[in-house]
Amino acid sequence: MRYNRDMSPQKATCAALISLINIVCGPQAIAADRPLPKVPPGYTVQRVAGPPLVQHPVMACFDERGRMFVADNAGLNLRKEELEKQTPNMIRLLEDTDGDGVFDKSTVFADKMTFPQGALWHDGALYVASPPGIWRLEDTDDDGKADKRKMLVRGFEYTGNAASVHGPFLHPNGRLFFCHGRKGHKVYDAGGKLIHEGKAAAVWSMYPDGTDVEMHATGGMDNPVELVFTPEGDVIGTCNLFYARPRGDTLVHWVYGGVYPRKDFVDKLSHEFIRTGPLLPEIHNFGHVAVSGLCRYRGDHLGPNPVTGPNPKPTDPHILYVTQFNTRKVIRVELQRHGSTYRASKVENFLTSDDPDFRPTDVFEDADGSLLVVDTGGWFRIGCPVSQVAKPDIKGAIYRVRKVGAPHDVRTYTALLKQHLHLKPNHGIQPQDWRASTQAMHRNRLLATRLARSARANDLPKLLWLSKTEQDDPILTHAIVFAMIRIGDTDALSRYLNHSDLRVRSATRAALAQMKRSTADGPSTIWTRLPPASFGQQLDEAQLRQLRDLINDPIHGDPARGRTVFAAKSTACAACHSVKGEPNRLGPDLSKVGAIRGRRDLLQSILFPSAGFARGYEPYMIETETERHVGVLVGETNGHIELATAAGKVVSVELKAVRSIKPSNLSIMPAGLDKALTKQELADLIAYLQSLK
């Protein structure tokens, strides 16, 4: 038996993307033709689940009986309309019936789901994020199949490209947290009450019964994915497209009421945000990697379970593991307190793979301290900057990483399970434990957050005192100002506008400015009603054959010559793409493209640029009474929307003149570049791009 120790009170998640096959099978036939990923010396890696038990797993979690709930996708890249028509995805239940650590039984726990991307076993039920909401699934007769379904919260829009609703995740205070991408939302709680309507991405929370739904943090980012929690209750998460040009995928400390980048969308959707000052920063920017799974590890470097040993000190670093889809890696991060927030004191590779179709999407901990890594395989294409060709025939798998010689002891698991069952959190709202913090700024930020949640007018003097302790720390400043805004006593705050302490005056003025801000202008209709972007044009058999021929061409390329090809006017690569220079608004930055794209993907992008589009560079068509423009939307200024066109120019169109805006299937990058190059020049260009890491 095994149990994920992040379940209570930490992460017990299984983001669900699931298969079509409804099986209950005996000993599994694990696909052994794909190479195992690489781990550091002193560790072993073992494939513990694969086809036919699972096809395309994405994330997974345990229940208190050691059963694993796996998100297993049908391998189909579908738009919202087709997902709702076919409901092809499901949640699988895997069991290890003989206790050897390898799963040997699979049951479909819940089928006919749209696009599940997360699950949590909690109090005898499975909570699942599957658009348009968060579901509670129950198996009342214990046959391994859910027979009761209830949507607790709804109204989260999606398109089918995975940047939708994720989670939920169990917080130490008993609330359920979850994330939603920048797809638009009109959120209703379990009782049918409208909670919020908007466009921005956000981190949300609620009670397990679907009540008291609230937005925890928001911003202009594209896709917050997974969350973990510190013992004090701080929320740490992975987020894609936190920055756009150049792209930055990040690790974030999501503080209560925080507003985060991207700045371009924060500006466009400014009416949706309560601003306390500058946009809040990330903990660490990984670059263009496509982060997904996240685990706060509680073992001793994949050694003994600390539940049986002394509690860690508050000053000890948190050990996080992060999956990176594009780079085919699991990264180990040491997270250290820094002022009122955190910093990544160490970032290093932990698990890597040379298999171009190894796509890690989740990482989580077992009760024995081993680490489980989920590889979804080659199916995913839409919205992904790497996998522009869907390969559903390449199945995924689940791997276990442990120290060499570490035991797999069922009795140890059972003892840990019993111990964990007595550690369930209180389901009432518990304030964050600010007294446990040993660093003053960290403690003061936790106290300010507590005061913001209670929002009592008689707490204002405490906030004024806290503002005197602020030492140029943006996270602490935000917490203080946000608490003042939540209390909302403008008359009381106004009395401190001329306070002798500059820090008190600054906090008071920032709070009053937000409280008095007018929202009469409302949102831009262009950005709030922007239709979903195109997924690109599927390649036909002739194009696939041409691509295969070039992939197998034995001509060796030279990176130095390829750099000359890249810079040549005849190719115009440098006109739209930057390499270690200023970001270009026309095309993605290629400074690290060799680390995230293989030879096949690079060739396809050059030969058939309309087969798929990098996130943030999808083309649109804008029509006025007299003109039609196709390009990439790059901004909005002074009542005009701006498009970067295939001609390498930025066209400005007056918003009032826009009749329609539609997704385009045609990339602004011209096709047929291979015809302008010799085979040697093409090989040199590919070699140069692969060298950019």
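In which strand is the place of Arg296? Arg296 sits in β21, the strand that covers residues 291-297. Before following that residue further, please keep in mind that this is a predicted model.

Arg296 has a relative accessible area of 9%. Buried means under 20% on this scale, so Arg296 is buried. Along the sequence, Arg296 and Leu335 are 39 residues apart. In space, the C-alpha atoms of Arg296 and Leu335 are 9.8 Å apart.

Let us step back to the whole chain. The chain holds 15 helices and 32 strands. Of its 693 residues, 59% are buried. If you look at contacts between residues at least 6 apart in sequence, 66% of them join residues at least 24 apart.

Now for the helices, where the largest nonpolar core is found. This core has 25 residues, and the ones with the most contacts inside it are Leu463, Leu466, Ile480 and Met484. Five helices each supply at least two of its residues: α4 (440-454), α5 (460-469), α6 (474-487), α7 (490-494) and α8 (502-515). The helix that gives the most to this core is α6, with nine residues.

Leu463 is a good place to zoom in. Leaving aside residues up to four places away in sequence, Leu463 touches Ala448 and Leu451 as well as Ile480, Ala483, Met484 and Ile487. Elsewhere there is a second, separate core of 24 residues; among its members are Leu547, Phe566, Cys573 and Leu603.

Back in the helices of the largest core, how do α5 and α8 pack? Their axes are 8 Å apart, and the angle between them is about 120°. Angles of 65 to 115 degrees count as roughly perpendicular and those over 145 as roughly antiparallel, with the range between these classes being oblique. The two helices α5 and α8 are therefore oblique to each other. As for handedness, the crossing of α5 and α8 is right-handed.

Which residues meet where α5 and α8 come into contact? On the α5 side they are Leu464, Ser467, Lys468 and Thr469, and on the α8 side their partners are Arg503, Val504, Ala507 and Thr508. Sorted by class, the contact of α5 with α8 is a mixture: three nonpolar, three polar and two charged residues.

Technical notes. Residues numbered from 1 in each chain as written. Predicted model: local features only at pLDDT ≥ 70, side-chain atom pairs only at ≥ 80, totals over all residues. Heavy atoms only, no water. Core = buried A, V, L, I, M, F, W, Y, C linked by side-chain atoms within 4.5 Å. Buried < 20%, exposed > 50% of the residue type's maximum accessible area, 1.4 Å probe, protein only. Helix = DSSP H or I, 4+ residues; strand = E, 2+ residues; numbered from the N terminus. Contact = heavy atoms within 4.5 Å. Axes fitted to C-alpha atoms, helices over the stretch in contact; angles between N-to-C directions. Parallel < 35°, antiparallel > 145°, perpendicular 65-115°, else oblique. Left-handed = near helix turned anticlockwise from the far one by under 90°. Nonpolar A, V, L, I, M, F, W, Y, C, P; charged D, E, K, R; others polar.
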